[in-house]
Amino acid sequence: MSALVLPPAWVERVSTYPADGGPTGADWVATVPHLVEQALERWDLEPDDGPTGTGWTAVVLPVRRGTERLALKVGWPHPEGQHEHLALRTWAGDGAVRLVAALPSDGVLLLERLDPTDLTGTWDEEACAVVGGLLRRLHVPAPPQVPRLGPYLEEHLERMATRPAVPRRLATRTLGLARDLLPDAPELLLHTDLHYENVLHDPSGGWTAIDPKPVAGHPGFDLWPVLRNRFAELGTGSAFRWSVRRRLEVTAEAAGIDPDEARAWTLLRAGVEVSWAGFLEGEEAVTACIALHKALDE
């Protein structure tokens, strides 16, 4: 695999990442061919035909072991991805991609291979129902190593009021919700990033979740991603408000989450996401998150 060629645009983007508890993106990308070569040897794998998949922090290569078709995922070491292998091992293929083997210290996972078809072309309410149905299966007791939501958010909430992009009213509302909701939150295993592109089709098992960024908390915190995908389809004005609430309603019902709790926890996360967007993303993302918060809070 010395001739492994990584997608140039992906390499360029990842190379801009600063260190986040591990190597910089540039330093890590330089090691990826070696990590792949080691994994092929360790697990007796061969490269297979098919496209190389990329995400924001990982590359996924089609491989095979004998007649078994698998996927080799190599991810940039950072806190959000640290416990992915634990979540996948806990779910054991029930609603999520099956973990075959893992070398967590190197960020290398061997997974079952899924069909690349995702939910982006599925009718919106049907897609929400699929996501909710998967969340219902994934919300099981979390392993002790997975971060708990309260401590995970604590430092960020403390800094929230200092973010220039966060309106004062929104910060006050979010901090109030955090005080009310976080102390008594259950410790269920959350995916936290189950949007339409993180649901792939398994020919033998139907729709399947991939790429978790696990924390332990209340299942209502897991509903936000369906509001951020296919944002333009939500419309404008009163149609926007109706569409946002309808998506949340359909997803929560399929997930078995009380609608009032779903709304409260999604409001909390919406406020957190406004602050995160203000710190990490552009003005367009901040505006979208504020609009979603307003649609839920009116």
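This briefing introduces two topics in the structure: its nonpolar cores and its paired strands. The model is a predicted one. Its largest nonpolar core holds 68 residues, and strand S3 (residues 58-65) pairs antiparallel with strand S4 (residues 68-75) over eight bridges.

**Nonpolar cores**

- A good place to start is with Leu 88, Val 131, Leu 182, Leu 194, Val 244 and Leu 268, the residues that touch the most other members of the 68-residue core.
- Helix H9, spanning residues 259-280, gives this core its largest share, with nine residues.
- A second core lies apart from that one and has 24 residues, including Leu 4, Trp 10, Val 14 and Ala 101.
- Once neighbours within four places in sequence are set aside, Leu 88 is in contact with Gly 93, Ala 96, Val 97, Leu 99, Leu 109, Leu 111 and Pro 212.
- As background, nonpolar side chains tend to be buried together in soluble globular proteins.

**Strands that pair with S3**

- Strand S1 (residues 46-47) runs antiparallel to S3 and is joined to S3 by two bridges; here Pro 47 stands opposite Val 63.
- Strand S2 (residues 53-54) is also antiparallel to S3, again with two bridges, and Thr 54 faces Val 59 across this pairing.
- Where S3 meets S4, Leu 61 has Leu 72 of S4 as its bridge partner.

**Hairpins**

- S2 and S3 make a hairpin, with three residues between the two strands.
- S3 and S4 make a hairpin with two residues between the strands, and in this hairpin Gly 66 takes a positive phi near 65°.

Note on methods:
Residues are numbered from 1 along each chain as its sequence is written. This is a predicted model: local features need pLDDT of at least 70, side-chain atom pairs count only at pLDDT 80 or more; totals for chains, interfaces and linings use all residues. Side-chain values use heavy atoms; hydrogens and water are left out. A nonpolar core is a set of buried Ala, Val, Leu, Ile, Met, Phe, Trp, Tyr and Cys residues joined through side-chain atoms within 4.5 Å. Buried means under 20% relative accessible area, exposed over 50%, partly exposed in between (1.4 Å probe, protein chains only). Helices (H or I, at least four residues) and strands (E, at least two) are DSSP runs, numbered from the N terminus. Contact means heavy atoms within 4.5 Å. Two strands pair if DSSP finds at least two bridges between them.
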